[in-house]
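User: Can you walk me through how the helices and strands pack here? I'd like the reasoning behind the labels too.

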Amino acid sequence: MGKKLKASSISPANIAFIKYWGKKDKKLRIPLNSSISMNLSHVYTHTTVEFAKNFKEDTFKLLNEKTSSMEEKRVFDHINIIKSKALINLKAKIVSVNNFPKSTGLSSSASGFSALTMATVEAAGLNLNKKELSQLARLGSGSACRSIPDGFVKWQAGDSHKNSYAYSLFSPKYWKLYDVIAIVSKQKKLTSSTKGQELIKTSPFFKKRLKSVNNNLKLLSHYLKKKDFTNFGILCEQEALNMHAVMITSWPSLLYWTPNTLKLIKLIKKWRQNNLEAYFTINTGQDVHILVEEANLEKLSSKLKQLKFVKKIIINKPTIGVRTTEKHLF
Ligand code: DP6
């Protein structure tokens, strides 16, 4: 395949039902445990990458957001891996845009590094399959490897670069499951997922979590297969609380929730008692992901819209993974 030198891609973020928290290998981002997620239809990153002789240095612009030099370095380190694979010596111009705020726990690093991987690989003229793309995306951000395949996805932890990648369990059409994100604050998190994960071993519950996670993976796969929403939802909540228990009891303690996060958790439990079957899950951040089946989507949305402290809701259904697009950002 010839080098195109310019390419664009769009990647969804994803929500993990069984979470990734902690690494076996920091550099290769090999996780301590496998995880299962769903790609989100309405939170995504669009990225354009171009290589050209007249570019004097690599540049990265995230439209409508500020980026730190550390974040830029992470982007450049990632494209350098792809450049050396493709034997490209040119500098790159990279422009990205998220349709949602970054660093609030909506998984911008997942959609960001998945889109960056696809656009850079295309621009560099590499011909890679989804498994190879997933392995590469993982090097940028672990959860990004799950935004490559379609629909409902499993990231097999593995123990080496070759066997740690994500693959599709079910297509997006498999289940009309919705993830309604309730944004309770636009405040940026103080500790990134990468930094936070480094503390995992300081939690007294760390070993307990690892002991139970494999059984939970099996159970969740089973509930997903049966589309057993009740057991699926209960397990998602338990899993999120389990991960946050490890975060809260790490030292220095990681407390990502705000009072509004807790308010919403309590309301969801109350709504459940009143026949609105919905379950929550939360990543590194304060915003709440609420899982609901189609029959209850309207009811849930209207309840959320009545809450003053919920700034915005984003309704997501399962979607395909990363794809190229002819729409360039410059
Ligand atoms: C809580 O993938 O952002 O969202 O590999 O260091 O970039 P790095 O971490 P990241 O961690 C995601 C953590 C999580 C759980 C999950 O998505 O599985």
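**Helix pair and sheet**

Analyst: Sure. Keep in mind that this is a predicted model. Let's start with the handedness: helix 5 passes helix 6 in a left-handed crossing.

User: What makes helix 5 and helix 6 roughly antiparallel?

Analyst: Their axes cross at roughly 160°. Angles over 145 degrees count as roughly antiparallel, so helix 5 and helix 6 get that label. The axes also come within 10 Å.

User: Which residues in helix 5 and helix 6 meet?

Analyst: From helix 5 (residues 206-226), the contact includes Arg209, Asn216, Leu220 and Tyr223. Among those in helix 6 (residues 229-248) are Phe232, Leu235, Glu239 and Met243. By class, that contact has 9 nonpolar, 4 polar and 2 charged residues.

User: How do you know that strand 4 and strand 7 pair?

Analyst: The cut-off is at least two bridges, and strand 4 and strand 7 have 4, in the antiparallel sense. One of the places to look is Ser35, whose bridge partner in strand 7 is Trp155. Strand 7 is also joined to strand 8 by 5 bridges, again antiparallel, with Gln156 opposite Tyr165.

User: Why are strand 10 and strand 12 said to stand at the edges?

Analyst: The open sheet has 4 strands in the order 10-11-9-12, with antiparallel pairing. Strand 10 and strand 12 each have a single partner strand, so one side of each is left without a neighbour in the sheet. On average, neighbouring strands are turned by 25° against each other, direction ignored.

User: What does helix 6 touch in the sheet?

Analyst: Helix 6 touches strand 9, strand 10 and strand 11, and its direction makes about 25° with that of strand 10. Helix 7 touches those three strands too, but its direction makes about 155° with that of strand 10.

Methods. Residues are numbered from 1 along each chain as its sequence is written. This is a predicted model: local features need pLDDT of at least 70, side-chain atom pairs count only at pLDDT 80 or more; totals for chains, interfaces and linings use all residues. Side-chain values use heavy atoms; hydrogens and water are left out. Axes are lines fitted to C-alpha atoms, for helices over the stretch in contact, and angles run from 0 to 180 degrees between N-to-C directions. Helices (H or I, at least four residues) and strands (E, at least two) are DSSP runs, numbered from the N terminus. Angles under 35 degrees count as roughly parallel, over 145 as roughly antiparallel, 65 to 115 as roughly perpendicular and the rest as oblique. A crossing is left-handed if the near helix is turned anticlockwise from the far one by less than a right angle, and right-handed if clockwise. Contact means heavy atoms within 4.5 Å. Ala, Val, Leu, Ile, Met, Phe, Trp, Tyr, Cys and Pro count as nonpolar, Asp, Glu, Lys and Arg as charged, and the others, Gly among them, as polar.
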